[in-house]
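Please open the model in your viewer and keep the selection tool at hand. The tour below moves from stop to stop, saying at each one what to select and what is there.

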Amino acid sequence: MTINRVVFVVLLVLMGVVHTQLWLGRGGVPAVNKLRGQLTAQNQSNHMLRQQNEQLGSEVEDLKLGLETVEEKARYEMGMVKPNEIYVQVMPAAVPAH
């Protein structure tokens, strides 16, 4: 075997090792694609949570600034009424079955 063939075989083996690591290794293409998918899902989750936090923050500010918001929440979420106030609930008419 000549030196050229030895160098060629060594380079070919090294190229095979690098190629194997690219496809099957810890930092290979499939692993990177999987991590990208996880990153996208986490970014979407973070965006939704950020929106919820902003909404809750604005509700807290409203509650700090006025009693109207407290009264509104008490009326709609807890069904509270003021003294000497009559609560009337109107139900939609039932549609007869044919």
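Select D62 to begin, a residue of this predicted model that is found in helix α2. Its relative accessible area is 38%, and because partly exposed residues fall between the limits of 20% for buried and 50% for exposed, D62 counts as partly exposed. Now add R50 to the selection and draw a distance between the two C-alpha atoms: D62 and R50 are 12 residues apart in sequence, and in space they are 18 Å apart.

Stay in helix α2 and select Q38, which is also found there. How exposed is Q38? With a relative accessibility of 44%, Q38 counts as partly exposed. If you then pick E61 as a partner, you will find that the two residues are 23 residues apart along the chain, while their C-alpha atoms are separated by 34 Å.

Next, select the whole of helix α2, which covers residues 29–65, and colour the model by confidence. Among the elements of the protein, helix α2 has the highest mean pLDDT, at 91, whereas α3 has the lowest, at 78. For the protein as a whole the mean pLDDT is 85, and 98% of the residues reach 70 or more.

Move on to G66, which is found in the loop between α2 and α3. G66 has a relative accessibility of 23% and therefore counts as partly exposed. From G66, draw a line back to V29: the two are 37 residues apart along the chain, and the separation of their C-alpha atoms is 56 Å.

Now select helix α3, residues 67–78. How does the distance between its ends agree with what its 12 residues should span? At 1.5 Å a residue the helix should span 16 Å, and its end C-alpha atoms are 15 Å apart, so the two values agree. Within helix α3 you can pick out E71, which is partly exposed because its relative accessible area is 34%. Add K82 to the selection and compare the two separations: E71 and K82 are 11 residues apart in sequence, and 9.5 Å apart in space from C-alpha to C-alpha.

Just after α3, select G79, where the backbone takes a positive phi of about 70°. Then continue along the segment after α3 to N84, which lies there. Most residues other than glycine have a negative phi. N84, however, is a residue other than glycine with a positive phi, near 65°. Is N84 buried or exposed? Its relative accessibility is 86%, so N84 counts as exposed.

For the next stop, travel to helix α1, residues 3–24, and select I3, which lies in it. I3 counts as exposed because its relative accessibility is 63%. Extend the selection to V6, V7, V10, L11 and L14, and show the surface: together with I3, these residues make a nonpolar surface patch of about 540 Å².

Finally, clear the selection and zoom out until the whole protein is in view. What are its elements, and in which order do they run? The protein has 3 helices and 0 strands, and from the N terminus on the elements run α-α-α. Its radius of gyration is 33 Å, well over the 13 Å that the globule rule gives for 98 residues, so the protein is more spread out than a compact globule. As you rotate the view, follow the C-alpha trace, which spans about 105 × 55 × 10 Å along its principal axes. With the surface shown for the whole protein, about 9600 Å² is exposed, and carbon and sulfur atoms supply 63% of that area. Of the 98 residues, 3% count as buried.

Methods:
Residues are numbered from 1 along each chain as its sequence is written. This is a predicted model: local features need pLDDT of at least 70, side-chain atom pairs count only at pLDDT 80 or more; totals for chains, interfaces and linings use all residues. Side-chain values use heavy atoms; hydrogens and water are left out. Patches are made of residues with over 30% relative accessible area and no salt bridge: like charges are joined within 9 Å, nonpolar side chains (Val, Leu, Ile, Met, Phe, Trp, Tyr) within 5 Å. Accessible areas come from the Shrake-Rupley method with a 1.4 Å probe; for residues, only the protein chains shown count as cover. A salt bridge is a side-chain nitrogen of Lys or Arg within 4 Å of a carboxyl oxygen of Asp or Glu. Helices (H or I, at least four residues) and strands (E, at least two) are DSSP runs, numbered from the N terminus. Buried means under 20% relative accessible area, exposed over 50%, partly exposed in between (1.4 Å probe, protein chains only). The expected span of a helix is 1.5 Å times one less than its number of residues. pLDDT is the predictor's confidence in each residue, from 0 to 100. The radius of gyration is taken over C-alpha atoms; the globule rule is 2.2 Å times the number of residues to the power 0.38.
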